[in-house]
Structures are given as C-alpha cells and as structure tokens.
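User: I am new to this structure. Please walk me through it in short questions and answers.

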Amino acid sequence: MHLNFMYIHLMVYSTELLKGTLKTIVLKLLADNRRMYGYEITQKVKEITQDRIQITEGALYPTLHALEADKLVKTEVEYIGKRVRKYYSLSPAGKAKTKEKVNELASFIQTMTLLLDLQPKPM
Amino acid sequence: MATLTDEQVNYIANDIRAHGIRLEGLQDNLLDHICILVEQGMGEGGEFAQLYAALIPTFYKKELYELEEEALFLASLKGPRLLLGRGRFFAVLIGLFLSPYLFYVVLDLLHALPVAYYAPPRVLLRWTCVGCVWPLLSLLVICFTPDRFDPLVPRHAKVLLGGGALIRVCPG
C-alpha cells in the first residue's frame, strides 16, 4: 500500500526524503495548535513550508486514522449543517510521543548533517 | 463563500460510500474536506457537478477505497510483525508443506543404512504427507498465477505477518 501519492505531494522535496515523517509533522502541528481538522492541517503545512510541502488527503487521513487507533490523538466532532467536522487534539500519550518523535527526527537530521558534511566539522 | 445545499452534501456523502469507504470517521473527514474545496470553487464561480467530478480523482490513484485500505494498514501496524518479500513468503510456506515429503525420503535413506535411530510411525508420516497435498497445490497455484489473472499475491507485493491482521498483502 506504499504508493507514492499516499504520502506527501512534494513541490520541492522527493517523496522518499519525507516518507515516515508525516506522523511527526501531524503530531507536532497538533502540539502547537490546540485542535485541528484535516483540511486545516493541510493548509497549515502549506503555509509554514511556503508551499514546499503539500500533504495530500490520501496521506493525511490514513495517518490520522492510525494515530487515533494508537490512541495518540483524541477527536471531537462539530456539526457544520449536514456534515460532521472532526477535530483532532493530542492525548496525554500523544504529547509524550510527539516529544519522542520530534527528538528522534532532530537527532536524525543532525546525523545526516554530519554524514553529508553539510556544516563545518568541529575542530 | 458559497454553501452547499443539503442535497449536494448528501450526494457527496453517498458517492463516498459508493466508492467503498466504510469507516465512518474517514467518511466524515473526506466529506468535510471535499465540501470545503467544492465550496471554495463555487465561491470562485464554479459549478458543483463539474467541480466535484474534477476534484474526487485527485484524492486517489486508482480507487478512493485505497485510502481506507491504507488507513487500516497503518492502524494494523502494532505489535511484533514481519514484512516478507513475495518470493521469501512462498519459499517458507512451500518449504513447510514440502518438509514431510523430504522427511519421508530421508527416513527411507536411513532405513537402508545399518544404524539405529528413532523412526516415527510411518502411518502418521503418510497421513501428514496426504494432508499437505492440498495446501501445497493451493500455494503453487497462488504463487504461479500470472498478474493478468488478478492473483491473491501479485508480483512485487510484500506480505506482512503479524500486527493487527494475521496476514496482509501489501502491493509493492
């Protein structure tokens, strides 16, 4: 099921580069914003990254479903006329997981920076 | 911004269900997302039917229910699991069901040698071999079915053992 379109539609970065970071992105956004709904998340990512990363619906909603199944996010619904808007927020377990995932990604970026010699090595 | 009528919202909701989305949460999310995008398009002068027809294929590659499959797949990734390539998966299973026959042959060879050994009852081994025929034949058929006949495990697929589902085929 690992189809490219399922992950992240990229304006600049390759799909392979960002595979596996979507959960971290969503968790961090939910940590920084009290509660968000799907469309809002896609727009926030576009806004923050200045359109360089565009999360597709095909990537976002399966990820949100998985986060909910893992009890990392809580949901609440609001009725907009005939339709339901599902808001997501972090559960206590989700808050801990967010820190863990962000630290893991930051550490990975640091390692890649060293590995690819992207900054002067310390003397 | 334009607002969709109840009939239009119902139309989209029914179409999402008709596309094979059964998870209620996913239905709600997709309905809301699509409604927002269609309302934006209508606010810019677009027509509902055209906007919806153009929008819905952008959500998937082949079919909309791929989103549900992906959601279920991601949700199933819990606990110990093993992702095997197609070839390795079939090699393990075919090897497993072939092993009684090999064991039978080895016993025959040992029988010809003047050595003492513990031999399990032949009748038990014979019935084990008989019992393995059907699964072995089924596996061979599944393994060698060409892709054009829509096989259970297509070429380049991977097989996930464990997790929420016991066995899940993941297209490559």
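**Sheets, cores and spans**

Analyst: E4(A) and E5(A) pair in the antiparallel sense over eight bridges. Two strands pair if DSSP finds at least two bridges between them. Helices (H or I, at least four residues) and strands (E, at least two) are DSSP runs, numbered from the N terminus. This is a predicted model, where local features need pLDDT of at least 70, side-chain atom pairs count only at pLDDT 80 or more, and totals for chains, interfaces and linings use all residues. Residues are numbered from 1 along each chain as its sequence is written, chains are lettered from A and ligands numbered from 1 in the order in which they are written, and side-chain values use heavy atoms, without hydrogens and water.

User: In E5(A), which residue is the bridge partner of Lys74(A)?

Analyst: E4(A) covers residues 73-80. It pairs with E5(A) in the antiparallel sense. In E5(A), the bridge partner of Lys74(A) is Ser89(A).

User: What is the strand order of the open sheet in chain A?

Analyst: The edge strands are E2 (36-37) and E4 (73-80) of chain A, and each pairs on one side only. The sheet has three strands with antiparallel pairing, in the order E2-E5-E4.

User: At about what angle does H2(A) run to E5(A)?

Analyst: Axes are lines fitted to C-alpha atoms, for helices over the stretch in contact, and angles run from 0 to 180 degrees between N-to-C directions. Contact means heavy atoms within 4.5 Å. H2(A) lies across E2, E4 and E5 of chain A, and its angle to E5(A) is about 90 degrees.

User: Why is one side of E1 and of E3 in chain B left without a neighbour in the sheet?

Analyst: Chain B has an open sheet of three strands, with antiparallel pairing and the order E1-E2-E3. E1 (81-85) and E3 (167-170) stand at its edges, so one side of each is left without a neighbour, as each has a single partner strand.

User: Which residue in E3(B) stands opposite Val159(B)?

Analyst: Strand E2 of chain B spans residues 158-162, and four bridges join it to E3(B). These two strands run antiparallel. Opposite Val159(B) in E3(B) stands Val169(B).

User: Which helix of chain B packs on the sheet and touches E2 and E3?

Analyst: Helix H5 (residues 86-112) of chain B lies across E1 and E2, at about 100 degrees to E1(B). The helix touching E2 and E3 makes about 130 degrees with E3(B) in direction. That helix is H4 of chain B, residues 65-76.

User: Which helix gives the most to the largest nonpolar core?

Analyst: A nonpolar core is a set of buried Ala, Val, Leu, Ile, Met, Phe, Trp, Tyr and Cys residues joined through side-chain atoms within 4.5 Å. Buried means under 20% relative accessible area, exposed over 50%, partly exposed in between (1.4 Å probe, protein chains only). The largest core has 40 residues, and those with the most contacts inside it are Ile12(B), Leu30(B), Ile34(B) and Leu64(B). With seven residues, the top contributor is H2(B).

User: How many residues are in the second, separate core?

Analyst: Its members include Leu84(B), Leu136(B), Cys143(B) and Val153(B). The second core has ten residues.

User: How far apart are the end C-alpha atoms of residues 124-145 of chain B?

Analyst: UniProt places "transmembrane region" (unreviewed entry) at residues 89-112 and 124-145 of chain B; such annotations may be inferred rather than shown by experiment, and positions follow the numbering used here, with feature names shortened. Residues 89-112 are 100% helix and 0% strand. Residues 124-145 are 95% helix and 0% strand, with end C-alpha atoms apart by 32 Å.
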